[in-house]
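Please open the model in a viewer and keep the sequence panel visible. The tour proceeds by selection, from a sheet to a ligand and then to a single side chain.

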Amino acid sequence: MTAMQWFFSFLKKYRAKLIFATVLVTITCMMAIVNPHISGIIVDDIIEGGNRNVLPLMMVIMIATNLIRAVLKYWFLVIFEQSSQGMLYTMRDFVYRKLLAQDFNFYNKNRTGDLMSRQTGDMEAIRHFVAYVIYGVYENVLLFVIALVMIFIVDWKMALCMIAVLPLTAVTTAKQLKAVKPAFQNIRQHFSSLNTFVQENVSGNRVVKAFAKEAYETEKFNKENDGYREAELGAANIWRKYVPIFEFLANVLSIILYLVGGIMVVKGYMSMGKLVTVSGYLWMLNMPLRQAGWLANDYQRFVTSVERIYNTVMVEPAIQVPDHAVSKKRFRGEIEFSHVSYHADDEVILKDINFQIKPGQTVGIIGATGSGKSTLMNLLCRFYDVTEGEVKIDGINLKDLDLYSLRDNIGMAMQDVFLFSDTIEGNIAYGRPNCSFDEVEAVAKIANAHNFILQMPEGYDTIVGERGVGLSGGQKQRISLARALLKSPSVIILDDTTSAVDMETETQIQNELGSLHEKHTVFLIAHRISSIKDADQILVVDDGRIIESGTHDELLEKRGYYYTVFHHQYGDFDAIVQNKSFHRHSEWLKGGSMVG
Ligand code: ATP
Ligand code: MG
């Protein structure tokens, strides 16, 4: 499918309406011949012929046709406008769904502001095309043809003289269409870029302020703004050359008419009335010529926008689901990674990862920053596909599973917490909007969020700002944890979810999590050993590999990477390891001198 075929598929639904509106346009154009025709009659029959009796009839016909034309024009304008809005509604919905269906890779590569401009500026160019340009082109072509035919009927020699400008008009229009296309593509690019810049700066405004970079950002913005202005001026420079040519051609027509017509009248080849009739058609020839340049512009603007939207939304997501994907209401939560490697743009992120988790087990994942912990979980949610090996849940390869079914069974509190501008209750209940308030309260208690939420001005009804503005880092994490828990999924992933809460709170959360009745397989990613020490299995990730695995005690025995980290975090490690009284030790640490 080409971009244009894609666009026209949205118009299909409005075909009958648009055809009807086109018929109305045709009728109004046909009726345009009444005025010049009657003007000719008035001159030849009434003024020169002295037949005054027909004058009232002529006047009535003229007034009536003009009234009817006005009503019909109003009617078709409404149809075109309504069809354009209806079509745009469907298209926006389609584009939005396509954007939602895109995978992580797509969002890694596309800028937010750029994607937003597809739904705003580009859509507007399309709406304008459907509402005005389609009928504009048709009306102008029709008026031109009708006028020419009528002039032919009145006097074919004069018509031939007028046709002489047609090839020039065609060539000029074609040239303009070709010339402005890259200019409009340039405009759209700069518009997207400007949009992206503003979007990033507005959402990152706190960073700009913190670094006192207002002047720097303003300068950068000015560059973007300049770029956009230059792009618009560039396009204007091009069409500016063509508009006068069309204007000139329109004037040439007038000159031909009065020159040739005048000579013919003087020589007696043509009556005065006929000259008046022909000059009455002049606007029908002039207007299309004058508008040709503008319509060519609008058309190219539209084509550029359709192509941009089409190229953005028709990207096939890399994550594909087979036709007969397995769908399960609930998984037991058995997870297996076998020989999993993941490469991103030729960079090896994960190498030969192997582990097996039984349903209901808690898995701790620890490792240096950038070692691949979050990526491991991204593969488990199938946000990315493994490059080699297999990830299985309950023995089923993720690639054979229905994505919705898989993700519905996973509750994830992401490392980079994102909250919607909604109430706290709305944010927690995001995964199950129809749940009862008691359920929201229950998970908020587990996540140790209930107390601070009650202290907020409107409790659970407090609206948190965009991305959770107004909440502390730890508060956001706890809401995100409650949100993940509320789904009551078979697999819970907590990626650095307690990094911003104090140890006391973290311990309380872990105790609550441990006492959950339903069985969940839990992945706990953390940098603090205290966060994962009680896990059934701990995976130590380093540079994309699992270098150690086992329980806390087993790993300490190994005296490897985990042991070293433990030493760094707890200082006097020898003493602790020797009497293996970590739990007692941590009680002591909680007393005050914990490093973490
Ligand atoms: P942290 O503890 O800081 O959260 P992490 O262990 O979770 O770190 P990951 O986010 O998994 O680390 O990243 C592992 C490596 O993969 C990093 O070097 C990162 O730059 C790289 N990486 C992550 N995602 C992508 C991606 N989409 N494209 C390219 N490289 C990526
Ligand atoms: Mg991470």
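Begin with the sheet: 6 strands form an open sheet of mixed pairing, in the order β6-β7-β8-β3-β9-β10. Strands (E, at least two residues) and helices (H or I, at least four residues) are DSSP runs, numbered from the N terminus, and two strands pair if DSSP finds at least two bridges between them. The model is predicted: local features need pLDDT of at least 70 and side-chain atom pairs count only at pLDDT 80 or more, whereas totals for chains, interfaces and linings use all residues. Residues are numbered from 1 along each chain as its sequence is written, chains are lettered from A and ligands numbered from 1 in the order in which they are written, and side-chain values use heavy atoms, with hydrogens and water left out.

Select 410–413 and 545–550 next. These are the edge strands, β6 and β10, each of which pairs on one side only. Neighbouring strands of this sheet are turned against each other by 15° on average, direction ignored; axes are lines fitted to C-alpha atoms, for helices over the stretch in contact, and angles run from 0 to 180 degrees between N-to-C directions.

Within the sheet, display residues 491–495 (β7) and 521–525 (β8), which run parallel and are joined by 5 bridges. Here Leu 494 stands opposite Leu 524 of β8. Add residues 473–486: this is helix α18, which packs on the sheet and touches β6 and β7 (contact means heavy atoms within 4.5 Å). The direction of α18 makes about 180° with that of β6.

Move to ligand 1. Of the 14 residues around it, those that come nearest are Thr 369, Lys 373, Ser 374, Thr 375 and Gln 415; a residue belongs here if one of its heavy atoms lies within 4 Å. Helix α13 (residues 373–380) gives the largest share of this shell, 3 residues.

Which polar side-chain atoms should be inspected around ligand 1? That of Thr 375 lies 2.5 Å from an oxygen atom of the ligand, and an N or O atom in the side chain of Lys 373 is 2.7 Å from a ligand oxygen. A polar side-chain atom of Asn 108 lies 3.2 Å from a nitrogen atom of ligand 1.

Finally, select Arg 69 in helix α4 (residues 55–101). Arg 69 touches Thr 28, Met 31, Ala 32 and Trp 283, not counting residues up to four places away in sequence. A polar atom of the Arg 69 side chain lies 3.0 Å from the backbone oxygen of Thr 28.

Definitions and conventions. Polar contact = N/O pair within 3.5 Å; in protein donor to acceptor, adjacent residues only side chain to side chain.
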